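Here's a walk through one protein model, written for someone who'd rather be at the bench. Have the sequence and the 3D view open as you read.

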Amino acid sequence: MLQKFTTHINNHFPFLKDKKLLIAISGGIDSVVLLHLFHQLNYSIALAHCNFKLRGKESDLDEEFVDKLSQNTSNQIFKVYFDTEIFAKKNKLSTQIAARELRYAWFQELVEKHNFDYVVTAHHADDNLETFLINLTRGSGLEGFTGIPKINGNIVRPLLAFSRTEILNFAKENAIAWREDASNASTKYTRNKIRHQVIPVLKEINPSLLSSFQKTLENLEESQQIIEDRIESVTSIIIEKDFSTALEMTKININKVNKLSNPKAYLYQFLKAYNFTAWHDIYNLLSAQSGKQVFSETHRLLKDRDYLILSKKEDLSPVKTSYQIRENESEIKKPIHLVFEQVKQLGIENKETIYLDKDLLEYPLNIRKWENGDYFYPKGMQGKKKLSKFFKDEKFSLLEKENTWLLCNSNNEILWVINHRQDHRFLVKDNSNMLKISVIKN
């Protein structure tokens with residue numbers, strides 16, 4: 001196996017040479033064999049071990065084992081302890097998912113703190129098959145059937161080409177000791193049930209199951225690549241980035257989506273990276289009234305006339321909705337970055353820069369969101385106008401309206417719809433005391 005592994009690394013992971021590697025090690029056979037392989041090839045490695053405190057004394061014995069292993073191979077080891085069950089309960093996760101989240105977050109902390117280039121895990125071909133079957137039972141898009149990624153950012157999995165049997169044989173042939181996790185024999189976990197009860201039956205039907213499965217994965221990966229190429233070409237037509245305001249928006253053109261052969265499938269491909277799960281509700285947005293929306297854990301998708309507008313959740317509602325500005329302030333950074341300057345002559349005015357007659361201002365000024373009934377006297381127009389009508393005439397999206405700030409006098413008169421239109425009542429008069437206000441784009 002060592003020779004096969006060497007060839008595999010040289011052909012598929014040549015970038016690992018001379019890099020600083022962090023090997024995730026549990027003490028089980030897979031990670032221990034992975035360590036020995038890289039150790040024999042003289043790679044620069046360190047070890048990372050998590051004690052999840054899930055198996056009592058056994059977890060502590062695993063830790064002692066990897067400690068001795070690090071000493072025997074002269075490799076630095078990092079260790080961490082997790083209250084996994086408390087974390088799982090608090091975040092409403094299964095124990096296995098909680099352990100996974102804790103583990104990978106800690107790996108990235110080590111990478112940043114100690115300048116590792118890659119984290120190496122011991123997932124192998126049987127793990128890949130088990131994951132495929134788990135996704136099959138739960139329902140998945142095509143990406144759920146293309147296997148565990150060999151490379152995912154700085155996570156690499158060089159054992160995916162090797163079976164559990166190959167790993168076991170290598171360990172026995174080289175008298176390598178490892179720790180057995182008794183929970184691996186329990187069928188209360190879905191993965192173990194598939195490992196011990198489903199896969200043996202499939203191997204009876206096809207003794208070359210793993211080999212056939214690897215070919216299937218290759219075919220699915222090729223199909224997935226075709227889909228990704230198609231999505232990339234369509235995205236440039238369907239997805240629009242709107243930079244016309246201070247608020248950057250991602251907009252999906254509904255009319256163009258409806259002209260596609262399968263709008264629901266395309267929406268899934270466009271939006272799968274944003275943690276959405278309510279795909280039926282998302283598809284219904286295409287024909288819903290403006291204002292309807294669907295949320296994921298991290299994003300919101302909003303129907304607004306001819307578009308679906310995607311935004312991050314944290315963009316939706318600031319902690320404060322009103323901010324005061326004292327007369328002597330020259331700069332504020334919340335909720336929007338503004339600079340205030342007293343100047344002697346007018347300069348170029350635009351949506352990001354205005355000039356006010358300071359003698360007409362009543363302090364403290366106030367920055368706030370709009371409210372029903374708000375009105376102002378737009379520069380360049382006669383008379384007053386309700387802000388709601390201004391938004392409608394200017395074709396503001398719902399998201400733009402939510403994220404528009406108003407600069408007001410202390411008596412709540414609107415001086416400026418920031419980044420959009422100034423009120424003409426406070427324009428600079430001849431020889432007046434001028435105040436220049438500029439939006440600073442961060």
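## Cysteines, cores and odd corners

Cys408 is buried, with a relative accessibility of 0%. Keep in mind that this is a predicted model. Cys50 is buried too, at 11% relative accessible area. How many disulfides does a search of the whole structure find? The count is zero.

Right beside that cysteine in sequence, Leu407 sits in strand β19, residues 405–408. Leu407 counts as buried because its relative accessible area is 0%, and the cut-off for buried is under 20%. Setting aside neighbours within four places in sequence, Leu407 is in contact with a long list of residues, including Ile325, Leu365, Asn366, Trp416 and Ile437. Phe295 is another story: 112 residues away from Leu407 in sequence, and 31 Å away in space, C-alpha to C-alpha.

Now for the nonpolar cores. The largest one has 32 residues, and the members that touch the most others are Phe5, Leu16, Leu21, Phe38, Tyr43 and Leu159. Several elements supply two or more residues to this core, among them α1 (2–12), β1 (20–24), α3 (57–73) and α7 (164–173). Which element gives the most? That's α2, with seven residues. Pick out Tyr43 and, leaving aside neighbours within four places in sequence, you'll find contacts with Ile9, Leu16, Lys17, Leu21 and Phe38. There's also a second, separate core of 21 residues, which includes Ile238, Ile252, Phe270 and Trp279.

Phe132 is worth a click as well. Phe132 lies in helix α6, residues 125–138, and counts as buried at 15% relative accessibility. Beyond neighbours within four places in sequence, Phe132 contacts Phe145, Phe213 and Leu220. Ile148 is 16 residues from Phe132 in sequence, and their C-alpha atoms are 8.5 Å apart.

For a contrast, try Gly153, in the loop between β5 (151–152) and β6 (155–156). Is Gly153 buried or exposed? Gly153 counts as exposed, because its relative accessibility is 60% and the cut-off for exposed is over 50%. Val119 is 34 residues from Gly153 in sequence and 9.5 Å from it in space, C-alpha to C-alpha.

What about holes? The whole structure has one cavity of 30 Å³ or more, with a volume of about 30 Å³. Its lining is made up of Ile325, Arg326, Glu327, Glu329, Phe340, Tyr363, Leu365 and Leu435. By type, that lining splits into five nonpolar, no polar and three charged residues.

Last stop, the backbone. Most residues other than glycine have a negative phi, and most peptide bonds are trans. The table picks out some spots that go the other way.

| Site | Backbone feature | Loop |
|---|---|---|
| Lys334 to Pro335 | cis, omega near 0 degrees | Pro335: between β13 (331–332) and β14 (338–343) |
| Tyr363 to Pro364 | cis, omega about 0 degrees | Pro364: between β15 (353–357) and β16 (365–369) |
| Asn275 | positive phi, near 70 degrees | between α11 (263–271) and α12 (279–285) |
| Lys395 | positive phi, near 60 degrees | between α13 (387–393) and α14 (398–402) |

Tyr363, on one side of a cis bond, also turns up in the lining of the largest cavity. As for the residues with positive phi, Asn275 is partly exposed, with a relative accessible area of 40%, whereas Lys395 counts as exposed at 62% relative accessibility.

Conventions: Residues numbered from 1 in each chain as written. Predicted model: local features only at pLDDT ≥ 70, side-chain atom pairs only at ≥ 80, totals over all residues. Heavy atoms only, no water. Core = buried A, V, L, I, M, F, W, Y, C linked by side-chain atoms within 4.5 Å. Buried < 20%, exposed > 50% of the residue type's maximum accessible area, 1.4 Å probe, protein only. Helix = DSSP H or I, 4+ residues; strand = E, 2+ residues; numbered from the N terminus. Contact = heavy atoms within 4.5 Å. 1 Å grid on protein atoms, 1.4 Å probe; cavity = no way out; pocket = protein on both sides within 12 Å on 5 of 7 lines; lining within 4 Å. Points joined across faces, edges and corners; volume = space filled by probe spheres on them. Nonpolar A, V, L, I, M, F, W, Y, C, P; charged D, E, K, R; others polar. Disulfide = S-S within 2.5 Å.
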